[in-house]
Every structure is written in C-alpha cells, then in structure tokens.
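Biologist: I am new to this structure, and I would love a close look at a single part of it. Could you take me through one small region, step by step?

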Amino acid sequence: MLAYALRRIVGLVPTLFVLVTLSFFVIRLAPGGPFDQEQTLPPAIRANLDAAYGLDQPLLVQYGRYLAGLAQGDLGPSFRFKDFRVTELIASGLPLSLTIGLAAAVLAFLAGVPLGAWAAWRAHSRAARTLMGLSMLGVVLPAFVVGPLLALVFGIYWPIFRVGGYVPGDPAYLVLPVITLALPVAAYVARLTRDSMREVLRSNFIRTARAKGLGAGAILWRHALRPALIPVVSYLGPAVAFIVTGSLVVESVFGLPGSGRYLVQAAIDRDYTLVMGMILVYGVFTLVCNLVADLAYGWLDPRVRLE
Amino acid sequence: MTPRIRIAAFVLGALALLALAAPWITPWSHEALDWEHLAAPPQLEASHWFGTDRLGRDLFARGMQAMRVSLALGLLATLVSVGIGVAWGATAGYLGGRVDAAMMRLVDIVYALPYVFIVIILSTLFPRGSLAALFIAIGAVGWLTMARIVRGQTLGLRNREFVAAAIAGGASTPAILWRHIFPNVIGAVIAYATLTIPQVILFESFLSFLGLGVQEPYASLGSLINEGAQEMESSPWMLLVPATLLTLLLIAFNSLGDGLRRRLAPGDD
C-alpha cells in the first residue's frame with residue numbers, strides 16, 4: 001500500500017510540470033498584455049514597467065525565473081494589484097473558499113450516501129423513485145442557475161438566510177452558497193450509491209446476511225456499504241473539480257470575498273502571474289484530491305493496487 | 001422506444017422548432033429596444049410574452065436567439081469532440097501497449113485539471129466573444145470522455161475473432177479500425193454524444209455567465225441568467241425565463257442521452 005501511495009505521489013510531478021508549462025505559455029500567447037490600456041503609456045514609462053516586472057526578457061528567461069520563484073513558494077507579483085504578491089492575494093481569499101468548498105463536500109456525501117442507500121433498499125417504492133427523479137434535476141442544473149434561484153426564494157421571497165453584503169464570521173451568509181455547491185454533488189452521489197448498492201444487495205453474501213435474520217440497518221451498514229462505496233469514492237476527484245468550478249460562480253452570485261473571483265478578472269486583465277497562481281493552487285488541490293480518492297479506492301478494493 | 005426517450009425527443013424537437021421559428025412568431029427582434037416597456041413583466045398587449053429587460057428588449061426574442069446559439073454550438077462542438085475522441089480512443093485501444101499507455105496518460109493529465117481553467121485560458125487566446133474561440137475551448141475538453149469510452153470498447157473488441165480474421169485477411173490497421181471497430185462502437189458513441197451536447201451547452205452558458213462567452217448584442221442563456229440574477233429582486237422574470245429555458249434544454253438532452261445509453265450501450269453503467 002505504501003509503495004503504491006509513493007508511486008502515485010511521484011506520478012503527480014510530471015502532471016504538475018505539464019500544467020505549469022502549458023498554462024505559462026498559453027496565457028502568454030493571448031493577445032494583449034497587462035499594461036495595455038486604452039491610453040497608451042509613454043514609451044519610457046512602459047519600458048520601465050516592463051523592466052520592473054521582467055517582461056523585457058526573452059520568454060524562456062521569464063519561464064526560468066518563474067520556475068525558480070515557484071521552487072521557493074513564490075508566485076510572483078500581481079500585475080494589476082500593485083504592491084501585492086500573488087501569494088498574498090490568494091491567501092486572503094482561500095480560507096473562505098476552502099470553508100465553503102469543504103462544507104459543501106461533506107454535506108454532499110453525508111446527504112447523498114444515505115439517500116442513495118435508502119433508495120436502493122426500497123427501490124420499488126414510489127418515494128424512492130420520486131427522489132431519484134428529483135436527483136436528475138440536481139445533477140443537471142448548474143450552480144449559476146441554482147444559486148440565483150435559491151437566493152431569490154430563500155433570500156428575498158422568504159428571507160430565512162442572508163444574501164449579499166457578506167459579514168465575516170456570520171454563517172447565515174454561507175448556508176445558501178454551501179447548499180448551491182453541494183446540491184449537484186449530493187444528487188450525483190445519491191445516484192451512484194443507489195446504482196452500486198442495488199448491485200451489491202443482489203449478491204450472495206447479502207442473501208446470507210438476510211437469511212441469518214439481520215435487520216436492514218445491520219445489512220446496509222456492516223455488509224453492503226463498503227463494497228457499494230467504491231464507485232462513490234472514485235467520484236471524489238471529479239466532485240472536487242465540480243465544487244471548485246462551482247465556487248467561482250457561487251462567490252460571484254453571493255458576493256463572497258473568496259479567491260475564485262480573481263480568476264476570471266485576472267484572465268481578462270492578462271494578469272499573468274495571478275492567473276497562473278490561481279490555476280496552480282486550484283490545480284494542485286484537484287490533483288491531491290484525485291490522489292486521495294485513488295488511494296482510498298486502493299484501500300477499499302485491493303485489486304486496484306496490483307495494476 | 002421507451003416513453004422517456006419519446007418525451008425527451010418531443011420536447012427537444014418542440015424547443016428547437018420554436019427557437020428556429022421565433023423570428024416569424026414574434027414582432028420583436030433580439031436587439032430591438034422598446035422604450036415604452038422597460039423591464040416590463042410578461043404581458044400579451046405589446047407581445048412581450050416573456051417580459052422585457054432593462055433596455056426594453058423582448059425576452060422571448062432574446063431567449064430564442066440564445067437557444068439557437070446553444071443548439072448550434074452544442075451540435076457543432078459535439079461533432080468536433082466526438083471526431084477527436086473516437087479517433088484517439090479507437091487508436092489507443094486497438095494498438096494497445098506503450099502507445100495506448102502514452103495516449104491515455106495524456107488524457108488522464110488533461111482530465112485531472114478542472115475544465116474551467118482550460119476553457120478560461122483558451123478563451124483568452126481569442127478576441128472576446130468570438131464563437132470560434134468558444135468552439136475550440138469547448139471541443140478541447142469535450143473529447144476526453146469520448147476517448148475513454150471508445151478505448152474501453154475497442155479493448156474489448158480487439159481480440160474478437162472477426163478482427164483476427166481481418167488481420168489474417170491482410171487488412172491494414174486503418175482499414176480494420178474503420179471497417180470493423182467503428183461500426184461496433186457506434187451505438188455507444190451516439191449515446192454518449194447525446195450526453196455531450198448538454199455539457200457543451202452548459203460550458204457555453206457558464207462562460208457567457210462569467211462574461212467570457214457570447215457578447216452583446218447577442219444573448220446566451222448564461223448571459224441572460226447573469227443579467228437576470230442582478231435584477232431578480234425587482235424583475236424576477238428576467239432570471240426565471242432563461243433559467244427555465246436552460247433547465248428544459250439540459251433535462252431533455254440528458255434524458256434522451258440516458259435513455260439511448262441504456263438501449264445502445266448496456267452494461268456500460
């Protein structure tokens with residue numbers, strides 16, 4: 001197991017390298033630069049700016065410098081937010097983004113797995129079928145539709161939660177964003193759990209457990225859950241990607257000062273270092289979550305490790 | 001044909017027909033300004049069936065124009081990504097060994113990145129709002145799932161007798177792929193292509209929601225939702241109209257794709 005884990009961790013390095021290199025060169029290919037404005041700057045000032053940020057160097061030199069900085073944990077200066085390092089900008093918003101994202105992930109799995117298991121147990125009941133029909137809706141609807149609708153219903157028509165004008169530390173502002181993020185993941189997890197649970201419930205060892213006279217709870221919890229969770233765990237990686245994507249939308253819909261809001265504006269502004277920093281931070285996060293999912297997969301299903 | 005497939009196909013057909021025929025149905029164009037009715041709720045008198053936006057533009061006309069963009073882009077980008085995905089997956093699966101490992105490793109790497117980043121980076125490469133940019137950005141991520149599925153299917157087919165017979169008969173590799181492998185994966189491809197369309201529509205709306213996609217004076221369901229979300233307190237129809245249209249499109253395509261997948265690619269769940 002340890003060797004398997006190590007092998008997988010080493011495997012991250014080339015992926016990260018490809019990510020850094022690709023995003024570095026592709027964003028430089030984009031027309032325009034961070035200091036292109038409607039009013040052209042006097043050439044001397046422009047030359048000074050370019051020199052100060054190292055933009056006057058050949059691209060390969062810039063790339064080398066970026067990598068060198070990266071090795072020391074420095075993501076460079078932001079081009080648009082003067083006097084801010086990218087690390088500072090991202091660090092200021094990341095705690096909030098992580099809180100929302102993690103809360104959403106936990107909520108999604110805590111809600112999705114039991115609902116799916118229950119729907120598999122009572123597969124032919126009307127309630128379970130209705131639930132699964134509704135879950136289709138949850139899977140299909142994107143955060144930018146669900147978010148505003150939830151805000152409209154629960155923030156304005158029936159104001160039980162707060163929307164807009166975020167006050168740090170007040171959880172009433174975070175409920176709707178977390179639900180918005182969790183909804184598609186919870187719905188998908190419920191569907192996955194139901195499908196795999198139905199499969200598991202048909203197997204011989206479950207029949208034996210039933211024949212022994214075990215109750216529903218004991219069968220589901222002690223016997224069926226672990227094998228049924230395998231596809232759910234492998235969904236963990238994509239789920240995190242889903243939540244990261246959603247957080248971009250959710251932060252802008254609900255006006256939260258997370259770090260997601262930087263990405264889009266930075267891409268439009270050609271704030272090279274900020275875009276790269278965002279991609280790296282979120283990219284590493286996604287890769288690590290994929291890795292954790294794979295390791296958990298190897299633990300649940302030992303056959304996987306041998307490949 | 002299960003009732004579900006039939007209903008989904010019917011809804012889709014009706015939506016597509018409505019979107020295409022809209023210019024002849026409504027007297028308003030998607031960019032005409034009606035100064036008499038600014039931010040007006042849905043009404044019959046002035047033929048603003050879905051209401052108007054802040055500038056007095058008819059939401060029915062804009063919604064239908066946005067659906068035309070979504071459908072056209074959805075179909076075209078899906079074709080592109082299916083083409084790349086099928087060729088890539090079938091080649092990797094059929095050749096096997098190191099080539100397969102290298103080709104699928106690339107897919108894994110791109111797959112591991114959140115697609116938003118790829119799409120956002122790619123969309124900065126082009127002038128804002130160019131449909132070609134949307135196309136390429138979406139096509140670049142859309143083919144990955146297809147490549148995986150086709151590779152899986154091909155792996156299963158490669159050792160079958162009819163392939164061995166074709167090899168023994170002296171057929172070339174491209175000929176075997178084209179004549180013997182493709183026809184056998186086509187069912188799964190059609191099913192998953194139908195499931196790719198709503199994803200493409202979602203990508204496009206998402207980018208437009210962020211302001212990176214379709215630009216004024218044209219509308220996208222995503223940009224309409226974004227505008228509507230800002231006005232929802234005073235004029236909820238501005239949010240509800242595009243949200244409903246997008247929801248209908250997505251559910252119909254997903255139901256159709258899911259139904260087709262169960263029929264054409266069973267055992268692939």
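Modeller: Happily; here is a walk around one buried residue and a cavity in chain B. This is a predicted model, where local features need pLDDT of at least 70, side-chain atom pairs count only at pLDDT 80 or more, and totals for chains, interfaces and linings use all residues. Residues are numbered from 1 along each chain as its sequence is written, chains are lettered from A and ligands numbered from 1 in the order in which they are written, and side-chain values use heavy atoms, leaving out hydrogens and water.

Let us start at T52(B), in the loop between helix 1 (3–25) and helix 2 (59–95) of chain B (helices are DSSP runs of H or I, at least four residues, numbered from the N terminus). T52(B) counts as buried because its relative accessibility is 0%, where buried means under 20% relative accessible area with a 1.4 Å probe, protein chains only. Its C-alpha atom is 5.1 Å from that of A39(B), although the two are 13 residues apart along the chain. Leaving aside residues up to four places away in sequence, T52(B) touches A39(B), L59(B) and M238(B), among others (contact means heavy atoms within 4.5 Å).

L59(B) and M238(B) also help line the second largest cavity, together with D53(B), L224(B), E227(B) and G228(B). A cavity is a set of points on a 1 Å grid over the protein atoms alone where a 1.4 Å probe fits but cannot get out, and lining residues have an atom within 4 Å of a point. Helix 8 (residues 221–231) of chain B gives the most to this lining, with 3 residues.

Key
1 Å grid on protein atoms, 1.4 Å probe; cavity = no way out; pocket = protein on both sides within 12 Å on 5 of 7 lines; lining within 4 Å. Helix = DSSP H or I, 4+ residues; strand = E, 2+ residues; numbered from the N terminus. Buried < 20%, exposed > 50% of the residue type's maximum accessible area, 1.4 Å probe, protein only.
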